[in-house]
Structures are given as C-alpha cells and as structure tokens.
Amino acid sequence: MDVLDILIIGGLVYLLTKSQTNENENLPAPAANKNAAELARVNPVLREKAQFVIDEMARRGYVVVVAEGLRSNAVQAKYYAQGRTTAGAIITYKKGGESEHNKGRAVDFDFIVNGRQSNSLSNNWALLGQIAKSAGLTWGGDYKKLKDYRHVEI
Ligand SMILES: [Zn+2]
C-alpha cells in the first residue's frame, strides 16, 4: 500500500492511498466524504452555499470540513447547559430546538491543518467569513457577542 497522507478527522484515522479516488479533486477523500455526509442532511440552499465555501477555500489552498451540520435538540440542550448547569464556559444562548443547527440551516467548519481537524483561532477564518458572506450566508464571526468563527447559516 502506497500511503500518500494520513488524516485524522473526528477521531478517525484515514490513510490516503493512490488507489483512493477523490469525489472533489481539490480535497482529500476523507474530507470530501465527510462534507458530503454532513451536507446531505442540511437544507438544500445551505448545502449549495456551504459547498461553494468549501470549493472557494480549496481554490485558495485551504481544506475545510463541515464539523457539524444538523444537530439534535438533545445535543443543543447539552451545549446550552455548558457554563450554566455543567462545567465550562458558556458557548451558546440557544436552548435545545432553538438553534439553526436543529433546523438544518447552519453548519460549523473546521480546517484541516497538517492532516488534523482544527478549530484554532489561528486559521484563516476571516477569509472563510468573507467567502461565506459573498454567498449570502450569515457568518458567526460577525456576531457581537460569542463570536462563532466556525459557524455559517442561511
Ligand atoms: Zn454553529
């Protein structure tokens, strides 16, 4: 087996080999597959716009993946509890069922950096936001409070 690269996405390790074919020629196959899986579950308008962001970022040399798209109300309730009834900092003002993620109208991106999924602030979120807004998406980096650089929604 001729391993070209190793990717770790969502805790899973992928070996890229010469025999693997890419769905999107600009992205490593695991990233393209992850994006396809997440985008299949969201609103079709968002799907098209998020794919535009992925493609435009790829044209500029960045691999981005949809870390989370559609989210259950239970998971949102867990996020809302953080910093209120459970440990950690407050990360959302939206209760279970209130987030655009619960309606399939929002996705969160991560970058792939050195083969690993990254939500670091050092990533080029400004570029991602600029491209997202050019597609008519609302970008979480523009929020007044709790800036959410990974987040876009229709
Ligand atoms: Zn989000």
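How many bridges join β4 to strand β5, and in which sense do the two strands run? Three bridges join them, and β4 and β5 (residues 116–118) run antiparallel. The model is a predicted one, and strand β4 is a convenient place to start reading it.

Strand β4 covers residues 106–113. Seven of its eight residues are buried, so the strand is largely enclosed by the rest of the structure. Besides β5, β4 pairs with β3 and β7. Strand β3 (residues 64–68) is joined to β4 by four bridges, and the two run antiparallel. Within that pairing, V65 stands opposite D110 of β4. Strand β7 (residues 151–153) pairs with β4 over three bridges, also in the antiparallel sense. Here V107 has V152 of β7 as its bridge partner.

Back at the pairing with β5, V113 stands opposite R116. Strands β4 and β5 form a hairpin with two residues between the strands. One residue of the loop between β4 and β5 is N114. Its backbone deserves a check: the phi of N114 is positive, at about 50°, although the residue is not a glycine. Most residues other than glycine have a negative phi. Is N114 buried or exposed? A residue counts as exposed if 12 or fewer other C-beta atoms lie within 10 Å of its own. N114 has 9 such atoms within 10 Å, and therefore it is exposed.

A positive phi is also found at L146, another residue other than glycine, with a value near 50°. L146 is located in the loop between β6 (138–139) and β7. Its C-beta neighbours inside 10 Å number 12, so L146 counts as exposed.

The helices supply a separate part of the description. Two packed helices are described by the angle between their axes and the distance between the axes. For helix α2 (residues 44–59) and helix α4 (residues 125–134), the axes come within 9 Å and cross at roughly 135°. Angles over 145 degrees would count as roughly antiparallel, and 65 to 115 as roughly perpendicular. The crossing of α2 and α4 falls in neither range, and the two helices are therefore oblique to each other. The crossing in which α2 passes α4 is right-handed.

Which residues of α2 meet α4? They are V53, E56 and M57, and on the α4 side the residues are L128, I131 and A132. By class, this contact has five nonpolar residues, one charged residue and no polar ones.

Technical notes: Residues numbered from 1 in each chain as written. Predicted model: local features only at pLDDT ≥ 70, side-chain atom pairs only at ≥ 80, totals over all residues. Axes fitted to C-alpha atoms, helices over the stretch in contact; angles between N-to-C directions. Parallel < 35°, antiparallel > 145°, perpendicular 65-115°, else oblique. Left-handed = near helix turned anticlockwise from the far one by under 90°. Contact = placed C-beta atoms within 7 Å. Nonpolar A, V, L, I, M, F, W, Y, C, P; charged D, E, K, R; others polar. Buried ≥ 20, exposed ≤ 12 C-beta atoms within 10 Å, placed from the backbone. Pairing = 2+ DSSP bridges.
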